[in-house]
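Biologist: Pull the model up and let's go through it together.

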Amino acid sequence: MDELKIEDLTCYRGENLVLKDLNTKIKSGETLVIRGSNGSGKTTLLRVLSNFIKSYNGKVLFNDQNILEDPNYRYFFNFVGQKNSLKDNLSVKNNLKLWEIIYQKNISYSKLLEDFNMSHLVERDVASLSDGQKKCISLLRLNFTESKIWYLDEPFVFLDEENSQTLIQKIKNFNTNNGIVIITSNINLQNTFTNEIKI
Amino acid sequence: MFALLKRDLYLALYSSSSFFYTSSFFVLVLVILPFLFGTNNVQLQFLFKGVIWIGLSLSILLTMERIFNADYEDGNLDIILQQNPSIEAVIISKYITHWIVYCLPLFIVLPILSFLFYVSLDSFFLIFLNLFFGSLGMVFIVTFVSALTLGAKRTIFLKAIIVIPLFVPFLIFGTNLESWPILLALSMMSFVLSMYVSAYGLRLYVE
């Protein structure tokens, strides 16, 4: 049973206090939704949890080990931020190939794209896709690692009803396989995920 | 590091124009010369030694946005830094790919240009050595400036103001055919400075 624990987390960005004395914990099979208004520190929190931001007060523990001191922690999570990590001038297929190289994992593109009904877009340039289609493709990155935690920054932005449901189902399947998911969101997801904190 | 190297080379291959932009630019800068100064052999040989450095400087300067900024703007830098815990390895990989993609094509067209400008074989080898060591140093310099100005959009003029004075020692010694050891030393110094400052710039971004 994995557990992620945040203890007395306080974080400044420049001179601004963004996170103050945050305490929470989340276990395998759970999804935590972090809600808050614009600029409330949701993305900062995910970047702290992803070990990008390293200067803060308090502790973040994964299975009782401080994430700052655990060299293997990077293998345990996958972070999908608000930027799509796609090269506009390349086709969807070539973008997926680049991820394949950097994550060092061979994957079947056609099966991946079927998840979001995007198989017909495989040869299209990313620049010609809608924001929603780009978001769906960026979420396919979740399949490139065998991680235990997903950090998703505003994953439902630009997604239509059908693709939102597909993503919710993927999150629930991941939870069923003992994965931990932390989502930031401006919108109310309490009907879908009950575990929520406001910052 | 090798995965990142492979990824960057594939990225350049998929956007195949990358290989041609700088070499075409380089050729065009040199081809303008006879129109400006006539076709006198001796004069062209003399000008060639200097103008190739202007071509090289501009080619490297104009492509510096692609070292880190392109990956920063589309979010790929987060993936790169997550997958590569050593920032120094990321920087070295960027040096190698940037040199291969944007400088190597210049060395491929250099023999043809030298022939067109009546450069003797002896001079050609010395020019080649000078340019090789100089281009390495220049790539080190643009890499650290690129890392330091990460996230600053549309600041190519600011970057040019920072970079061009740092290129001056390379230009001064580059036009002297016997000075490749000095250029090698300058490149080694640039490497040390660049590693330190680039790592600092990337850490600032991550934070």
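Biologist: Where does A:Lys148 sit?

Modeller: A:Lys148 lies in the loop between helix 4 (131-139) and strand 7 of chain A. Helices (H or I, at least four residues) and strands (E, at least two) are DSSP runs numbered from the N terminus.

Biologist: Before I go on, what should I know about the numbering and the model?

Modeller: Residues count from 1 along each chain as its sequence is written, while chains are lettered from A and ligands numbered from 1 in the order in which they are written. It's a predicted model, where local features need pLDDT of at least 70 and side-chain atom pairs count only at pLDDT 80 or more, but totals for chains, interfaces and linings use all residues.

Biologist: Back to that lysine: why does A:Lys148 count as partly exposed?

Modeller: Because A:Lys148 has 19 C-beta neighbours inside 10 Å. With C-beta atoms placed from the backbone, 20 or more others within 10 Å makes a residue buried, 12 or fewer makes it exposed, and in between is partly exposed.

Biologist: What does A:Lys148 touch, leaving out residues up to four places away in sequence?

Modeller: A:Asp2, A:Phe76, A:Gly179 and A:Ile180. Contact here means C-beta atoms, placed from the backbone, within 7 Å.

Biologist: Switching topic, what's the strand order in the open sheet of chain A?

Modeller: The order is 6-7-8-3-9, so to speak, for 5 strands with parallel pairing. Strands pair if DSSP finds at least two bridges between them. Strand 6 (77-80) and strand 9 (196-198) of chain A are the edges, each pairing on one side only. From one strand to the next, the twist averages 15°.

Biologist: And which strands does helix 1 of chain A touch when it packs on the sheet?

Modeller: Helix 1 (residues 42-49) touches strand 3 (31-35), strand 6, strand 7 and strand 8 (180-185), and its direction makes about 155° with that of strand 8 of chain A. Helix 5 (residues 161-176) of chain A packs on the sheet too, touching strand 3, strand 7 and strand 8, at about 150° to strand 8. Those angles run from 0 to 180 degrees between N-to-C directions, with axes as lines fitted to C-alpha atoms, for helices over the stretch in contact.

Biologist: How many bridges join strand 6 to strand 7 of chain A?

Modeller: There are 4, and the two strands run parallel. A:Asn78 stands opposite A:Trp150, and A:Val80 has A:Leu152 as its bridge partner.

Biologist: Which way do the strand 6 residues of chain A point?

Modeller: A:Phe77 and A:Phe79 go one way, A:Asn78 and A:Val80 the other, and all are buried. In a regular strand, side chains alternate between the two faces of the sheet.

Biologist: OK, on to chain B. How many residues of chain B are in contact with chain A?

Modeller: 19 residues of chain B, against 22 of chain A. Helix 1 (2-14) and helix 5 (76-83) of chain B are the elements giving two or more residues to that side. Helix 1 of chain B has the largest share, 7 residues.

Biologist: Last one: where does helix 8 of chain B bend?

Modeller: At B:Phe167, by about 35°, and B:Pro169 follows within four residues. The bend is the angle between axes fitted to the seven residues ending there and the seven starting there. B:Phe167 is also among the buried residues of helix 8, including B:Val163 and B:Phe170. What covers the buried residues includes helix 3 (41-62), helix 7 (121-148) and helix 9 (180-206) of chain B.

Definitions and conventions:
Two residues are in contact if their C-beta atoms, placed from the backbone, lie within 7 Å.
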